[in-house]
Amino acid sequence: MMNLTSTLSQTGWIILGTALGFMVFAGLFLICLTAFIIFRKTLYRSPKKPRKREYSVHKFHASTEEKMAAPRKMFDEGTLWAEQFSDITDDLHIVNDNLNLYGQYINFGFDKCAVIIQGRTESLLYSYYFAEVYAKNDYNILVIDTRAHGLSDGKFVTAGVLEYRDVIKWIELVKDKYFINSFVIHGICIGAANAIYAYSEMKAKNDENSRLIKKVVLDGTYSSYFEIFSRHHKERKKPVFPFVQLIFFYLYLATGARLLKKIPLKEIANLDIPTLFIYSKEDIYCTPEKNKQLFDACSSHDKEIRIFPKGRHSHVRINQPEDYDQTIDEFLKKYQE
């Protein structure tokens with residue numbers, strides 16, 4: 001009888017242990033699966049998805065009417081502005097990292113070029129929304145479909161960690177094709193990270209192209225993509241840990257990009273050229289304390305920061321276009337080569 005009771009007791013513990021083990025495994029599997037689904041929706045573009053530049057609503061961002069209306073208006077106004085100059089606009093193409101990448105260049109005949117780099121999910125047509133003030137200051141305009149956007153190849157978004165290499169190639173192309181030796185980069189969100197990384201890399205090479213970038217305008221620069229991605233999750237009342245960590249791990253496995261290692265807060269110390277930081281008091285992703293950190297970390301002696309009263313992240317200009325353009329106009333004139 002004692003042996004039977006002992007055997008039943010052991011069997012019970014085995015069943016309980018097995019059940020608990022299965023529950024733990026199932027829970028971990030669901031966490032990993034959920035993180036993978038988010039990764040696919042936010043940082044991955046299927047090769048089967050049609051390549052296009054037309055505006056489309058992105059559900060990850062469009063949780064309110066204002067979020068949907070602002071980028072649509074910006075896209076439409078930018079596209080309309082660019083259509084005026086279709087007769088002097090060149091379609092461009094480069095190959096980098098075995099990816100076909102596409103851009104457009106409005107050639108006004110000036111000896112300087114403004115490179116405008118949009119944020120995540122947008123095509124080059126969106127970038128034209130920021131171009132007018134540069135054209136008025138005698139800059140030709142280069143806009144690009146960053147990899148995995150618009151007509152360009154690519155499946156993954158790496159928040160500038162890999163994309164900045166394309167920016168360097170674009171600058172070198174314009175230099176060689178149009179004989180331009182003076183560039184300003186205007187970057188929005190991820191585009192700002194691209195600008196920082198591109199300048200840092202070109203400066204480190206210390207070759208004939210190392211000083212082609214003369215100025216940068218950084219709209220909504222984040223200290224790290226992990227932070228801004230996490231804030232998106234918090235805004236939607238979603239847990240950060242362990243999902244964001246897993247998402248970045250999946251991206252590393254797919255691309256080798258280390259988004260936790262290469263961050264603007266570290267790289268911005270290499271930025272020693274005139275730099276304009278643009279933020280908004282309504283930006284919940286780039287917080288005031290982080291903005292100050294980035295500004296202080298920038299090594300340039302010619303740096304300025306302007307914090308506007310209105311505008312969500314990346315939507316600063318649409319809320320005060322005249323003041324926004326005037327700020328850039330004054331910056332460009334103040335730091336002429």
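**Figure 1. Lining of the second largest cavity in the predicted model.** The cavity is lined by Gln118, Gly119, Arg120, Thr146, Arg147, His149, Val157, Glu163 and Ile190. By residue class, this lining comprises 4 polar, 3 charged and 2 nonpolar residues. The volume enclosed is about 40 Å³. In total, the structure contains 3 cavities of 30 Å³ or more.

**Figure 2. Salt-bridge network that includes Arg147.** Asp97, Arg147, Arg165 and Asp166 are joined to one another through a network of salt bridges. Arg147 also belongs to the lining of the second largest cavity. The structure as a whole has 18 salt bridges.

**Figure 3. Salt bridge between Arg72 and Asp76 within helix α2.** The two side chains meet with an N to O distance of 2.8 Å. Both residues belong to helix α2, which spans residues 65–83. They are 4 residues apart, or about one turn of the helix. Arg72 has a relative accessible area of 36% and is therefore classed as partly exposed. Asp76, with a relative accessible area of 34%, is also partly exposed.

**Figure 4. Salt bridge between Lys203 and Asp272.** The side chains of Lys203 and Asp272 are in contact at 3.1 Å, N to O. This pair links distant parts of the chain, with the two positions 69 residues apart in numbering. Lys203 is located in helix α6 (residues 190–205), whereas Asp272 is in the loop between α9 (264–267) and β7 (275–280). Lys203 counts as partly exposed because its relative accessibility is 27%. Asp272 is partly exposed as well, at a relative accessible area of 29%.

**Figure 5. Salt bridge between Arg312 and Glu235.** The closest N and O atoms of this pair are 3.2 Å apart. Arg312 lies in the loop between β8 (303–308) and α11 (321–334), and Glu235 lies in helix α7 (residues 225–235), so the salt bridge ties together parts that are 77 residues apart in sequence. Glu235 has 28% relative accessibility and therefore counts as partly exposed.

**Figure 6. Nonpolar patch on the surface, formed by Phe25, Phe29, Leu30, Leu33 and Ile37.** Together, these residues have about 500 Å² of accessible area. One of them, Ile37, is placed in helix α1, which covers residues 2–42. Ile37 is classed as partly exposed because its relative accessibility is 39%.

Definitions and conventions: Residues numbered from 1 in each chain as written. Predicted model: local features only at pLDDT ≥ 70, side-chain atom pairs only at ≥ 80, totals over all residues. Heavy atoms only, no water. 1 Å grid on protein atoms, 1.4 Å probe; cavity = no way out; pocket = protein on both sides within 12 Å on 5 of 7 lines; lining within 4 Å. Points joined across faces, edges and corners; volume = space filled by probe spheres on them. Nonpolar A, V, L, I, M, F, W, Y, C, P; charged D, E, K, R; others polar. Patch = residues over 30% accessible without salt bridge, like charges linked within 9 Å, V, L, I, M, F, W, Y side chains within 5 Å. Areas by Shrake-Rupley, 256 points an atom, 1.4 Å probe, with all protein chains shown as cover. Salt bridge = Lys/Arg side-chain N within 4 Å of Asp/Glu carboxyl O. Buried < 20%, exposed > 50% of the residue type's maximum accessible area, 1.4 Å probe, protein only.
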